[in-house]
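Here is a friendly walk through one model, helix by helix. Please keep the sequence and the 3D view open while you read.

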Amino acid sequence: MRNTAREAALNIIFAEHFNEVTDDFKKRIYAKFALEKDDDLLFAADLVAIVQEHRAELLEEIESACHHYRENRINPTDKSILLIAMAEIKYFDDIPPVVSVSEATGLARKYSTDTSADFVNGVLAGVINK
């Protein structure tokens, strides 16, 4: 399922904040999340590739939506979640933005702080209502 693919992508994108990520690392993450179906694996890999390719642009948009936060002050987990959601909103025409926001909020509830879901939801709402 795509939510599992998003979780795998989150693990990889989060790791990139701290270290260079190798193809072997990506393969281990995909295996950990049992992404064996071609569609799910392809979706996760596409998310990671788009975030890697457009990171600077996506971070700039996130920072402009965070009126009182510079990008470097955002929790790395929240930043990774926002990068995934922004990549979906901008580059995946088959995913409605409200689905991306909902999925990102769910990831924040599962993987981040108590206030992260509201933060992520607010930032993304600002982006899609722009």
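The sections below cover the ground rules, then the helices and a few individual residues.

## Ground rules

This is a predicted model, in which local features need pLDDT of at least 70 and side-chain atom pairs count only at pLDDT 80 or more, while totals for chains, interfaces and linings use all residues. Residues are numbered from 1 along each chain as its sequence is written, and side-chain values use heavy atoms, with hydrogens and water left out.

Helices are DSSP runs (H or I, at least four residues), numbered from the N terminus. Buried stands for under 20% relative accessible area, exposed for over 50%, and partly exposed for what lies in between, with a 1.4 Å probe and protein chains only. Contact, touching and packing refer to heavy atoms within 4.5 Å.

## Helix α4, the enclosed one

Let's begin with α4, which runs over residues 76-91. Its 16 residues reach 22 Å from first C-alpha to last, close to the 22 Å expected at 1.5 Å a residue (the expected span is 1.5 Å times one less than the number of residues). Twelve of the 16 residues are buried, so α4 is largely enclosed by the rest of the structure. Among them are Asp 78, Lys 79 and Glu 88, alongside Ile 81, Leu 82 and Met 86. The cover over these buried residues includes α1, α3, α5 and α6 (116-128).

At the N-terminal end, Asn 75 acts as a cap: one of its side-chain oxygens lies 2.7 Å from the backbone nitrogen of Thr 77. Thr 77 itself counts as buried because its relative accessibility is 14%. Leaving out residues up to four places away in sequence, Thr 77 touches Leu 10, Phe 14, Tyr 111 and Ser 112. Further along α4 is Glu 88, which is buried with a relative accessible area of 0%. With the same sequence neighbours left out, Glu 88 touches Arg 6, Phe 43, Leu 47, Ile 95 and Ser 100.

## Two helices with a buried side

What are the buried residues of helix α2 (residues 23-32)? They are Lys 26, Ile 29 and Tyr 30. They cover an arc of only 100° around the axis, which puts them on the same side of α2; the arc is taken from the directions from the helix axis to the C-beta atoms. The face turned away from that side carries the exposed residues Lys 27, Ala 31 and Lys 32. The buried residues of α2 pack against α1 (2-15) and α3 (38-65).

Now compare α5: its 15 residues should span 21 Å at 1.5 Å a residue, and its end C-alpha atoms are 21 Å apart, which agrees. In α5, Ser 100, Val 101, Ala 104, Thr 105, Leu 107 and Ala 108 are buried. They cover an arc of only 160° around the axis, which puts them on the same side of α5. Val 98, Arg 109 and Lys 110 are the exposed residues on the face turned away, while the buried residues pack against α1, α4 and α6. As background, an α-helix has 3.6 residues a turn, so residues three or four places apart point the same way.

## Aromatic rings and a charge

How many aromatic pairs does a search of the whole structure find? It finds two, where a pair needs ring centres of Phe, Tyr or Trp (its six-membered ring) within 6.5 Å, with planes under 30 degrees apart counted as stacked, over 60 as edge-to-face and the rest as tilted. Phe 43 and Phe 92 form an edge-to-face pair, 5.4 Å centre to centre with 75° between the planes. This pair links distant parts of the chain, 49 residues apart: Phe 43 is in α3, and Phe 92 is in the loop between α4 and α5 (97-111).

Both Phe 43 and Phe 92 are buried. The charged end of Arg 2 sits over the ring of Phe 43, 4.3 Å from its centre (the criterion is NZ of Lys or CZ of Arg within 6 Å of the ring centre and within 35 degrees of the ring normal).

## Single residues worth a click

In helix α6 you will find Val 120, which counts as buried at 0% relative accessibility. Leaving aside neighbours within four places in sequence, Val 120 is in contact with Asp 78, Ile 81, Leu 82, Ala 104, Thr 105 and Ala 108.

Ala 34 lies in the loop between α2 and α3. Although Ala 34 is not a glycine, its phi is positive, at about 55°, and the residue is partly exposed with a relative accessible area of 47%. Arg 70, in the loop between α3 and α4, is exposed at 52%.

Definitions and conventions
Helices (H or I, at least four residues) and strands (E, at least two) are DSSP runs, numbered from the N terminus. A polar contact is a pair of N or O atoms within 3.5 Å; within protein, one must be able to donate a hydrogen and the other to accept it, and residues adjacent in sequence count only if both atoms are side-chain atoms.
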